[in-house]
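User: I'm new to reading protein structures, and I keep running into words like "buried" and "salt bridge". Can we go through how those labels are earned?

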Amino acid sequence: MEEYAREPCPWRIVDDCGGAFSMGAIGGSVFHSIKGYRNAPAGHYRRLIGSLTAVKTRAPITGGNFAVWGGLFSAIDCSLVYVRKKEDPWNSITSGAATGAILSVRNGVAAMAGSALIGGVLLALIEGIGIMFTRFSAEQFKPVDPTQMPQDPQQLPPKPLFGGEQTSNSYQ
Amino acid sequence: MISIRICARNQNKFQNFSQLFFNTCPSKDTKLCKNDIVRRFLHRNALNQKLKEDSGRHNTQIAEQKDKPFSELSLGQKVARTGKDASYLTVIVIGVSITGAMFYMIGRELFSRESPNGVYSTALKDCTNDVRIEAALGKPIKGYGETTRRGRRRFTSHSEYEVEGVKHIRMKFYIEGPHNKGTVHLEKVKDPNNKYQYRYMFVDLDNSNRSIIIEDNRQMLDNLLKQV
């Protein structure tokens with residue numbers, strides 16, 4: 001019972017912000033090292049210098065952009081959890097769309113709609129991957145003998161402890 | 001399709017290139033039209049080159065036509081071209097079908113009432129509307145699934161299975177109010193009308209040994225399914 005005793009929500013924003021920053025910083029380093037290498041003047045030494053300069057100047061910016069996205073996303077997600085009193089994939093899809101819209105608010109309504117759509121679809125795809133993974137991981141809990149019913153939980157009428165759906169189903 | 005490769009040192013050549021592609025020709029004879037465009041393009045390039053040479057800077061550029069029209073190819077080339085096109089087409093078809101399948105899966109998960117997410121939604125609603133649960137947990141009741149490592153709790157643990165061709169789904173999720181928490185266990189069964197019915201649903205309260213049984217239709221449903 002301990003693993004869900006702690007509320008993840010307000011702390012998760014900081015968590016996501018940091019995670020997104022490191023993801024952006026690492027990805028940005030790789031991207032900008034290649035880009036800096038290609039854009040530098042000829043000569044291996046100069047190219048390496050150029051690559052290093054590009055990483056130094058650009059990768060933190062990419063990380064920061066990612067962190068803004070992640071933090072805002074998580075904040076909206078948590079707000080939605082608080083308002084709706086429910087946690088389901090809709091929260092993250094909505095907050096992805098809202099994040100996209102908010103971050104392009106200075107570019108006008110059309111840009112907001114476009115990036116809201118992109119954010120929503122992207123998050124829906126991520127959710128879909130998550131759903132797929134849970135489905136495939138849930139596959140192994142199917143009854144071994146499909147003709148045999150799994151036992152009913154014993155809380156129905158009498159009640160001993162029923163610990164964990166997956167482990168306690170003995171299929172006779 | 002005509003594709004033209006340019007090796008141009010100066011930027012403004014690309015303007016010509018884009019003009020070439022987006023130029024719409026009023027003539028209906030496409031072949032003529034294409035040739036016309038190409039000729040115009042080459043002519044303009046030649047002019048540019050002349051200008052460049054006049055100004056003293058050497059500039060090399062090549063405009064060449066790749067990909068002959070299909071009718072002019074030999075048999076072997078035709079086979080090769082068809083194979084290439086077919087392989088590209090398969091890549092496109094595979095990509096589109098994977099995307100479509102993913103969107104279908106997501107849509108079914110989100111909008112259907114018989115998907116795990118739909119079952120979770122209706123069950124949560126039924127729980128929060130139950131008077132006994134409201135009394136035990138307090139008023140604003142929230143629901144969530146299993147906690148992942150990243151602090152997400154939106155996936156409920158569930159298993160779908162079939163017994164003698166009848167679909168069952170078992171699910172477990174958590175509800176929480178100001179006074180107490182609880183774990184909801186439920187099982188749904190497709191009745192003869194192919195609709196999911198609760199076989200049972202009960203809530204285990206955390207701080208007491210009590211469990212609140214919301215639905216228990218096992219007797220009724222099992223008899224119903226036996227008759228069919």
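Analyst: Sure, let's take the labels one at a time. Keep in mind that this is a predicted model.

User: Let's start with chain A. What pattern does chain A follow along the sequence?

Analyst: Reading along, you get α-α-α-α-α. That fits the count for chain A, which has five helices and zero strands.

User: Why is A:D77 called buried?

Analyst: Buried means under 20% relative accessible area. A:D77 comes in at 0%, so the buried label applies. A:R12 has 3% relative accessibility, so A:R12 counts as buried too.

User: How do you know that A:R12 and A:D77 form a salt bridge?

Analyst: The rule asks for a side-chain nitrogen of Lys or Arg within 4 Å of a carboxyl oxygen of Asp or Glu. For A:R12 and A:D77 the N to O distance is 2.6 Å, and the pair is listed as a salt bridge. A:R12 sits in helix 1 of chain A and A:D77 in helix 2 (residues 44–84) of chain A, so the pair ties together parts that are 65 residues apart in sequence.

User: Why would such side chains pair at all?

Analyst: Side chains of opposite charge can pair when their charged atoms come close. Over all chains, the count here is ten salt bridges.

User: What makes A:I26 exposed rather than buried?

Analyst: The exposed label needs over 50%. A:I26 has a relative accessible area of 59%, so A:I26 is exposed. You'll find A:I26 in helix 1 (residues 9–39) of chain A.

User: Which residues form a nonpolar patch with A:I26?

Analyst: That would be A:V30 and A:I34. Together the three have about 300 Å² of accessible area on the surface.

User: Now chain B. What makes B:E114 partly exposed?

Analyst: Partly exposed is the zone between the 20% and 50% cut-offs. B:E114 has 30% relative accessibility, so B:E114 lands in that zone. Its salt-bridge partner is B:K190, with the closest N and O atoms 3.1 Å apart. B:K190 lies in strand 6 (residues 181–190) of chain B and B:E114 in the loop between helix 3 (75–111) and helix 4 (116–128) of chain B, so this pair ties together parts 76 residues apart in sequence. B:K190 has a relative accessible area of 12%, so B:K190 is buried.

User: How do you know that B:E187 and B:R199 meet in a salt bridge?

Analyst: Set the N to O distance of 3.2 Å for B:E187 and B:R199 against the limit of 4 Å: the pair passes. B:E187 belongs to strand 6 of chain B and B:R199 to strand 7 (residues 196–205) of chain B, twelve residues apart. With 0% relative accessible area, B:E187 is buried, and B:R199, with 3%, is buried as well.

User: What makes strand 4 of chain B "mostly covered"?

Analyst: Strand 4 (residues 157–163) of chain B has seven residues, and five of them are buried.

User: How do you know that strand 4 of chain B pairs with strand 5 of chain B?

Analyst: Pairing takes at least two bridges. Here seven bridges join strand 4 of chain B to strand 5 (residues 166–176) of chain B, and the strands run antiparallel. Across the pairing, B:E160 stands opposite B:I169. The two strands form a hairpin with two residues between them.

Key. Residues numbered from 1 in each chain as written. Chains lettered and ligands numbered in written order. Predicted model: local features only at pLDDT ≥ 70, side-chain atom pairs only at ≥ 80, totals over all residues. Heavy atoms only, no water. Buried < 20%, exposed > 50% of the residue type's maximum accessible area, 1.4 Å probe, protein only. Helix = DSSP H or I, 4+ residues; strand = E, 2+ residues; numbered from the N terminus. Patch = residues over 30% accessible without salt bridge, like charges linked within 9 Å, V, L, I, M, F, W, Y side chains within 5 Å. Areas by Shrake-Rupley, 256 points an atom, 1.4 Å probe, with all protein chains shown as cover.
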